[in-house]
Amino acid sequence: MRGRGEEARRRTAAAPRPRAVAKPTLLLALPSETAYLGLVRELTKRMAEVAGFAEPVAERLALAVDEATTNIIEHAYKGASDREIEMRFEDRGKDFRVELVDTGQMVDPRAVPRVDLERYVSERRTGGLGVHLMEKIMDSVTFRRSARRNVCALVKHKDGEGPSR
């Protein structure tokens, strides 16, 4: 005859282990107006800090996302303020990922000229550094088209590897 303690141990041992709880994704839809860029920077910085990045790194990540958002407003939407940009923030454990989704004109990232920083500075040029800056800050910057929408995915690894960790 088995005692109660033995039966309880057997049930406990057979019980499934709880799975790791996925961290929630934050979704935000905002108008394609430059007036919202401050919100984009602050929210990105805060989400990066919550994901475990130190403040200086979080500020750089916010700059990269600001640049990507600005590019959508200026290039994909040609400055139209009546459009929408969807932002998705994901803490994937080892990676912090931000996706920006728009329905504007598709921009071929291969068509964006590579930046010669020495020449750029000597000519005192402004603008045109968005993609270059994003690639310097983030570990991965990809562009794809999905269901008639442009998706820019910016990923930063948390493992200390990469350009600005």
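Let me start with a single residue, Ala 147, which counts as exposed because its relative accessibility is 68%, and exposed here means over 50%. Please keep in mind throughout that what we are looking at is a predicted model.

Ala 147 sits in the loop between β4, residues 140-146, and β5, and its phi is near 50 degrees, which is a positive value in a residue other than glycine. Arg 148 is found in the loop between β4 and β5 as well, and there phi is near 65 degrees, again positive in a residue other than glycine. Arg 148 is also exposed, with a relative accessible area of 73%. The reason for pausing on such values is that most residues other than glycine have a negative phi.

Now let me move from the loop to the sheet. Five strands make up an open sheet with antiparallel pairing, and their order is β1-β2-β3-β5-β4. Because β1, residues 26-31, and β4 each have a single partner strand, they stand at the edges, and one side of each is left without a neighbour in the sheet. On average, neighbouring strands of this sheet are turned by 20 degrees against each other, if direction is ignored. As a reminder for those new to this, strands of a sheet pair through backbone hydrogen bonds, either parallel or antiparallel.

I would like to spend a little time on β3, and to ask how much of this strand, residues 95-102, is covered. It is mostly covered, since eight of its eight residues are buried, and buried means under 20% relative accessible area. In a regular strand the side chains alternate between the two faces of the sheet. In β3, Asp 95, Arg 97, Glu 99 and Val 101 point one way, while Phe 96, Val 98, Leu 100 and Asp 102 point the other way, and all of these are buried.

Which strands, then, does β3 pair with? With β2, residues 84-91, it pairs in the antiparallel sense over six bridges, and among the partners are Glu 90 with Arg 97 of β3 and Met 87 with Leu 100 of β3. β2 and β3 form a hairpin with three residues between them, and Gly 93 in the turn has a positive phi of about 80 degrees. With β5, residues 149-157, β3 is joined by eight bridges, and these two strands run antiparallel; Asp 95 stands opposite His 157 in β5.

Finally, the helices. Helix α2, residues 37-50, lies across β1, β2 and β3 and runs at about 15 degrees to β2, whereas α3 lies across β2, β3 and β5 and runs at about 15 degrees to β3. How do α2 and α3 pack against each other? Helix α2 and helix α3, the latter being residues 55-76, pack at an angle of about 140 degrees, with their axes 8 Å apart. That angle makes α2 oblique to α3, because only angles over 145 degrees would count as roughly antiparallel. The crossing of α2 past α3 is right-handed. The contact is made by residues including Leu 37, Val 40, Arg 41 and Ala 48 of α2, and Glu 55, Ala 58, Leu 61 and Ile 73 of α3. Taken together, the residues of this contact divide into eight nonpolar, three polar and six charged.

Note on methods
Residues are numbered from 1 along each chain as its sequence is written. This is a predicted model: local features need pLDDT of at least 70, side-chain atom pairs count only at pLDDT 80 or more; totals for chains, interfaces and linings use all residues. Side-chain values use heavy atoms; hydrogens and water are left out. Buried means under 20% relative accessible area, exposed over 50%, partly exposed in between (1.4 Å probe, protein chains only). Helices (H or I, at least four residues) and strands (E, at least two) are DSSP runs, numbered from the N terminus. Two strands pair if DSSP finds at least two bridges between them. Axes are lines fitted to C-alpha atoms, for helices over the stretch in contact, and angles run from 0 to 180 degrees between N-to-C directions. Angles under 35 degrees count as roughly parallel, over 145 as roughly antiparallel, 65 to 115 as roughly perpendicular and the rest as oblique. A crossing is left-handed if the near helix is turned anticlockwise from the far one by less than a right angle, and right-handed if clockwise. Contact means heavy atoms within 4.5 Å. Ala, Val, Leu, Ile, Met, Phe, Trp, Tyr, Cys and Pro count as nonpolar, Asp, Glu, Lys and Arg as charged, and the others, Gly among them, as polar.
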